[in-house]
Amino acid sequence: MADPLLEIDSITKRFGGFLALDRVSLRIRAGERLGLIGPNGSGKTTLINCVSGALPTDAGRILFEGRDVTRLPAHRRTRLGIVRSFQIPKPFASMTVLENLGIPLEYAGLARAHGAGAMEILTMIGLDAKAHLRPSGLTQIEMRKLELARAMAARPKLLISDEAMAGLSSAEVDDILAILFRLNEQGITIIMIEHIMRAVMRFSERVVVLDAGNRIAEGTPAEIVRNPAVERAYLGE
Amino acid sequence: MKTRGALAVGVAVIGLGLALAGLGVNPYVYFAGYVVLQYVVIATAWNVLGGYAGYVNFGTPAFFALGAYTSIFLIEALRAPLPVLILSGGLVAALLGLGIGYLTLRLKGVFFSIATFALSVVLQTLIINWEYVGGAKGYTLIRPPVPFFRSWGVLLFTLMVALAVVTVLVARTIERSWIGRGLAALRDDEDAAECMGVPTLRLKLFATTLSGFFLGVAGAPFPYYVTYVEPSSAFDLNYAVNALAMPMIGGTTTWLGPVIGAVLLGTAQQVATVTISSELNLLIVGVVLVLFVVLAPEGLTGLVRKLRRR
C-alpha cells in the first residue's frame, strides 16, 4: 500500500495491569472506508482514543500523512485533519446548532480554506431547519447528525465515526449511512466503528476485527463473515 | 453595542466617578462605593474562570489577599507607589492563577473547587506565620499625605471606578472573541471542545491567569483602604461567597451578569450593614443565592432573556 493516510505502527495501551491494546498495527489508505469491529471490550474505542489523541499510548507510533503525531495533543491532530465523532453525542449545550459548528470551523476548519460553510453542512446533513435551536430541542437522530455535522465543520481528512448509529431505527441507520457514503465520495477517509453488522458490512471496503486488544482478522466484508476466528471471538468456542 | 460604544460608556463611567469625587458628598458614600466597586472587579474576574470556563473557584480570598499582601510587602520593602502596587499585586496573583490552571489537568468540577479552597487556607497559614508582613497580629499602614485628591477615601473610590471599568471592558472583549467562544465550548464539554480543535489547556491557563490577575488587582489597594490588614480580614470567607454569589445572581454567561450582581448584592450588603447589622450580610447572600438557584438558575440576565423570547 503506497503512502497510507494513517499508519498505526504497533501501538500498545495498558490500563494498570490490563492490556487494552497489544501492538496493534493498521494502515489506512486515503479515501478508504474501513470498518472496525469487535466484541465489547475488544479495544475499539481505546484504539480510536489513541488515534484521536484523547489517550496517550504506551508504545508504538501513529503517522498521519507521513508525519509522526504520536505525541501531539488532540486539538492539534484535529487541525491536521483527524476528526472523531462521539459514541454518546457531546453537543455544546449552551449554543445553537449553528454555533456548535462555529467552534470547529473557527478552531480547526479554517486552516483548510476550501470547504463548506456551517449552513451548507447543515443543509447537506438535513439539519438546516434546526440551525437556530439548542441541542436540547433535538431528537436522538438529529443529535447524531449534529455530531457528524460538527465533525464535518472541522473539515476532516479522516473521519472516525464511533457508533454513530447505535440505538437508531433501521430507516435512521440508512439515513446516516447515506450521509457517510456522501462524505466518502467527497474524498474523506472514514473509519466506522459499529455494532450494527448490516451497516458495517454494507459500508466498508475492508473490515478489521479486534478482540482482547489484538487484531485477529482483516479482509473484505465477505471474507470476515466466513472467518472462523471472528466467529469464535463473537460467539465463543 | 460595538467596542467603540463600550469604550465610550467606560470613559463616561470614569467621568461620572470623577464628578462624584469632585462633588464632596458624605464620605461614607465613597467608603461604601469603594466596596461595591471592588466587588464589581472581584465578581467580573471570578466570572472569567467560573462563568466563561465553568471552573468554580472557591479560593477568591487567596488571590485577593495575595494582592493585598504583595502591596504590604512592597510598601515595607520599597515604599512603592500605588500604581506599582496594583500592577504587582495583579501579577503575583496571576502567577498563582497560572498555578491553579495546571491543577485543572487533574481536577475537575467539585474537586477543583475544594483544591482552590484548600489553597486559600494554606496561604493564610503562611501569611499568619510571616512576621515581615505583620503575621497574625496584622499590619498597620500609615498613609502618606494624599496626592491630587481631597482625601484617601475619594482617591481610592475614583481608582476603583477606573479598575472596575477596565476589568469589565477586558472581560467583555474576551467574551466576544474567539477565546470566549472557545471557553464556552470547553465549559459545555471539555472532551468535545478538545476534539474540535480547541486548545483547552492553553485557554484554561489563560482564564485562570487573567482571573487571578484581576482578583489580585482588587486586593492590592486594600491596605490603603483599611490601613489595618490582618490575615482574617484579607482572607475573609465573604470574598469567596460573594465572588460566586454575585455572578450567579446576575448571570454567569455574560459580562453584564457579575456587574449587576455585584451592584445589587454589594449595595444591599452596605445598606444592611448600616441599617441593621454587619452580621446580617452573609444571611442576605445565603437567602438570595438559594432563591436564585431555585427560581432563576441563569441569573437575572438569563431571566430577562427567557422572558423576551416568549
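Start with the contacts inside chain B of this predicted model. Counting pairs of residues at least 6 apart in sequence, 78% of the contacts join residues at least 24 apart. The chain carries 15 helices and two strands. Its radius of gyration is 19 Å, close to the 19 Å that the globule rule gives for 310 residues, so chain B is as compact as a globular protein of that length. Along the principal axes, its C-alpha trace spans about 55 × 45 × 40 Å. As for burial, 49% of the 310 residues of chain B count as buried.

**Two helices of chain B**

Helix H9(B), residues 200-219, is a good one to check with a ruler. How far apart are its end C-alpha atoms? They sit 29 Å apart, and at 1.5 Å a residue the 20 residues should span 28 Å, which agrees. H9(B) is also mostly covered, with 17 of its 20 residues buried.

Now move to helix H4(B), residues 82-103, which holds B:Leu85. Is B:Leu85 buried or exposed? It has 25 C-beta neighbours inside 10 Å, and the cut-off for buried is 20 or more, so B:Leu85 counts as buried. Setting aside neighbours within four places in sequence, its contacts are B:Ser71, B:Leu74, B:Ala80 and B:Ala220. B:Thr200, by contrast, is 115 residues from B:Leu85 in sequence and 32 Å from it in space, C-alpha to C-alpha.

**The sheet of chain A**

Over in chain A, six strands make an open sheet with mixed pairing, in the order E6-E7-E8-E3-E9-E10. Strands E6(A), residues 82-85, and E10(A), residues 214-219, stand at the edges with a single partner strand each, so one side of each has no neighbour in the sheet. From one strand to the next, the twist averages 20°.

Take the E6(A) edge to begin with. Four bridges tie E6(A) to E7(A), and the two run parallel. Across that pairing, A:Ser85 stands opposite A:Ser161 of E7(A). In a regular strand, side chains alternate between the two faces of the sheet. Which residues of E6(A) point which way? A:Ile82 and A:Arg84 point one way, A:Val83 and A:Ser85 point the other way, and all are buried.

The other edge is antiparallel: five bridges join E9(A), residues 206-211, to E10(A). Here A:Val209 stands opposite A:Ala217, and A:Val208 stands opposite A:Glu218. The hairpin of these strands has two residues between them, and A:Ala212 takes a positive phi near 50° there.

Helices pack on this sheet too. H6(A), residues 170-185, touches E3(A), E7(A) and E8(A), and its direction makes about 150° with that of E8(A). H9(A), residues 228-235, lies across E9(A) and E10(A), running at about 130° to E10(A).

**Positive phi elsewhere**

Most residues other than glycine have a negative phi. A:Ser10 and B:Phe148 are worth a look with that in mind; here are their values.

| Residue | Phi |
|---|---|
| A:Ser10 | about 35° |
| B:Phe148 | about 65° |

Where do they sit? A:Ser10 lies in strand E1(A), residues 6-15, while B:Phe148 is in the loop between strand E1(B), residues 139-140, and helix H6(B), residues 152-175. A:Ser10 has 14 other C-beta atoms within 10 Å, so it is partly exposed. B:Phe148 has 7 other C-beta atoms within 10 Å and is therefore exposed.

**Where the chains meet**

How many residues does each chain bring to the contact? Chain A gives 21 residues and chain B gives 18 residues. On the chain A side, helices H2(A), residues 74-80, and H3(A), residues 97-107, each supply at least two residues. H3(A) provides the largest share of that side, five residues. Sorted by class, the side of chain A that touches chain B has eleven nonpolar, five polar and five charged residues.

Conventions. Residues are numbered from 1 along each chain as its sequence is written. Chains are lettered from A and ligands numbered from 1 in the order in which they are written. This is a predicted model: local features need pLDDT of at least 70, side-chain atom pairs count only at pLDDT 80 or more; totals for chains, interfaces and linings use all residues. Two residues are in contact if their C-beta atoms, placed from the backbone, lie within 7 Å. Ala, Val, Leu, Ile, Met, Phe, Trp, Tyr, Cys and Pro count as nonpolar, Asp, Glu, Lys and Arg as charged, and the others, Gly among them, as polar. The radius of gyration is taken over C-alpha atoms; the globule rule is 2.2 Å times the number of residues to the power 0.38. A residue is buried if 20 or more other C-beta atoms lie within 10 Å of its own, exposed if 12 or fewer, and partly exposed in between; C-beta atoms are placed from the backbone. Two strands pair if DSSP finds at least two bridges between them. Axes are lines fitted to C-alpha atoms, for helices over the stretch in contact, and angles run from 0 to 180 degrees between N-to-C directions. The expected span of a helix is 1.5 Å times one less than its number of residues.
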